[in-house]
Protein chains: 2
Amino acid sequence: MSTQTVFTIGRQFGSGGRQVGKHLAEKLGIPFYDKELIAISARDSGLSEALFSNADEKATSSIFYSLVMGNYPMASGALGVTEMPLNDQLFLIQSKTIKRLAAEGPCVIVGRCADYILRDMEHVLNIFIHADLANRKERAVRVYEVPENKAEDACLKADKQRANFYNYYSDRKWGMCRTYDLSLDSGKLGIEGCVEQILGFEQLWMKNEGKAI
Amino acid sequence: MSTQTVFTIGRQFGSGGRQVGKHLAEKLGIPFYDKELIAISARDSGLSEALFSNADEKATSSIFYSLVMGNYPMASGALGVTEMPLNDQLFLIQSKTIKRLAAEGPCVIVGRCADYILRDMEHVLNIFIHADLANRKERAVRVYEVPENKAEDACLKADKQRANFYNYYSDRKWGMCRTYDLSLDSGKLGIEGCVEQILGFEQLWMKNEGKAI
């Protein structure tokens, strides 16, 4: 199977969105970026992985917190920009990394506002994977070994953090249909069903391109 | 092609969601209900079509408006319930109609909170069709003959009204991914592409049924 497309995947916690992206990338023989972006952004910038790891998919902390932590304003910005909260600087660095990787060719990128960062690029397909809470709790316990009595909380908190991050750095709304080209309930389709559905969408899209609704 | 499924379709104004539903129903040889629901609900209840038409996909008007219009409280409720705003009574009647039609067999139902009304039923596939504003404006002018300088306003106002109606009568949020099983950008796929994608989803769903994510 060959593709020209960069796939971005937003996902609810426990929906298997990461796994969908991984299997999609394997099936197409293209690179897959999720946590991998942390190490690559660190390498690109010369900053430590720990810095990116701490800020991963988190919006800028409150000014009060930043002042207490001594990271606002940053004495000397990594991008030469001072007076900018640390997380915002890290976001800009990661954005450059994401643009560079997408420009290199087809790939799958999970989370991290990739759809928004790549908004001016052609051949980008933006996907959101979700599932009902019961399915996500079950998966959180089975795959991520979250204690059963903490599973609901883990799902809701992770989603809240992802939504905050996305809504802070983009002008779109996380989890709204219109933010994505395709959104799927993985509880209905399973991981492989989602992969099939995404491949089907891409083919229909290529066939239709240019025509009005 | 045969199916056991009841398809519900939510849609942004100008996205072609109605047309997607119509073509899907034709392809599957099953009934299609959109504005048809007005006449059927009127027949079911013995009330006038004009009443349902005026209230179609509108949330209850404000108490002030209802008092002025003399329809709050209704002197004698159509369901024998007094002290209930007229639109709420009409919604209950239409809900009964939708449940009856869905119980009769596979069909396609557009809008009118059908997904929420049928939430306890099996084999219901909930779909949302959307597209970017430029595509929707173009379609509104071409298909619905909306004047070009009014097209944007028509799209935004219709969506606002649909969202108000849906959010008022359900405990879900109109246009959020998690409200639906599948959401599609018809600007990317076109009408026929959306139909293909929905049929693909249904097949993958039937194949997967019961398995965990």
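1. **Strand pairing across the two chains.** In this predicted model, A:L182 stands opposite B:L184, a residue of strand 5 of chain B. The pairing behind this is between strand 5 of chain A and strand 5 of chain B, residues 182-185. Its sense is antiparallel, and it runs over three bridges.

2. **The interface around that pairing.** Contacts link 35 residues of chain A with 35 residues of chain B. On the chain A side, four elements supply at least two residues each: strand 4 (124-130), helix 7 (133-144), strand 5 (182-185) and helix 9 (186-208). Helix 9 of chain A gives the largest share, 15 residues. By class, the side of chain A that touches chain B has 13 nonpolar residues, 13 polar ones and nine charged ones.

3. **Symmetry.** How does chain A map onto chain B? A turn of 180° with a shift of 0.0 Å along the axis lays chain A on chain B, at an RMSD of 0.0 Å. The two copies are therefore related as by a two-fold rotation axis. The same surface serves both copies, and 100% of the contact residues of chain A recur in chain B.

4. **Fold of chain A.** Chain A has nine helices and five strands. Along the sequence their order is β-α-β-α-α-α-α-β-α-β-α-α-β-α. Of its 213 residues, 48% count as buried. Take the contacts in chain A between residues at least 6 apart in sequence: 66% of these join residues at least 24 apart.

5. **Helix 1 of chain B: length check.** This helix covers residues 17-28, twelve residues in total. At 1.5 Å a residue the helix should span 16 Å; the end C-alpha atoms are 17 Å apart, so the two values agree.

6. **Helix 1 of chain B: burial.** Which residues of this helix are buried? At its start they are B:G17, B:R18, B:Q19, B:V20 and B:G21. Further along come B:L24, B:A25 and B:L28. The cover over these buried residues includes four strands of chain B: strand 1 (6-11), strand 2 (32-33), strand 3 (107-110) and strand 4 (124-130). Helix 9 (186-208) of chain B is also part of that cover.

7. **Helix 1 of chain B: exit.** Just after the helix comes B:G29. This glycine takes a positive phi of about 65°.

8. **Helix 9 in both settings.** Helix 9 deserves a second look. In chain A it supplies 15 residues of the side that touches chain B. In chain B, helix 9 is among the elements that cover the buried residues of helix 1.

How values were computed: Residues are numbered from 1 along each chain as its sequence is written. Chains are lettered from A and ligands numbered from 1 in the order in which they are written. This is a predicted model: local features need pLDDT of at least 70, side-chain atom pairs count only at pLDDT 80 or more; totals for chains, interfaces and linings use all residues. Two residues are in contact if their C-beta atoms, placed from the backbone, lie within 7 Å. Ala, Val, Leu, Ile, Met, Phe, Trp, Tyr, Cys and Pro count as nonpolar, Asp, Glu, Lys and Arg as charged, and the others, Gly among them, as polar. Two strands pair if DSSP finds at least two bridges between them. Copies are superposed by least squares on the C-alpha atoms of residues with pLDDT of at least 70 in both. The expected span of a helix is 1.5 Å times one less than its number of residues. A residue is buried if 20 or more other C-beta atoms lie within 10 Å of its own, exposed if 12 or fewer, and partly exposed in between; C-beta atoms are placed from the backbone.
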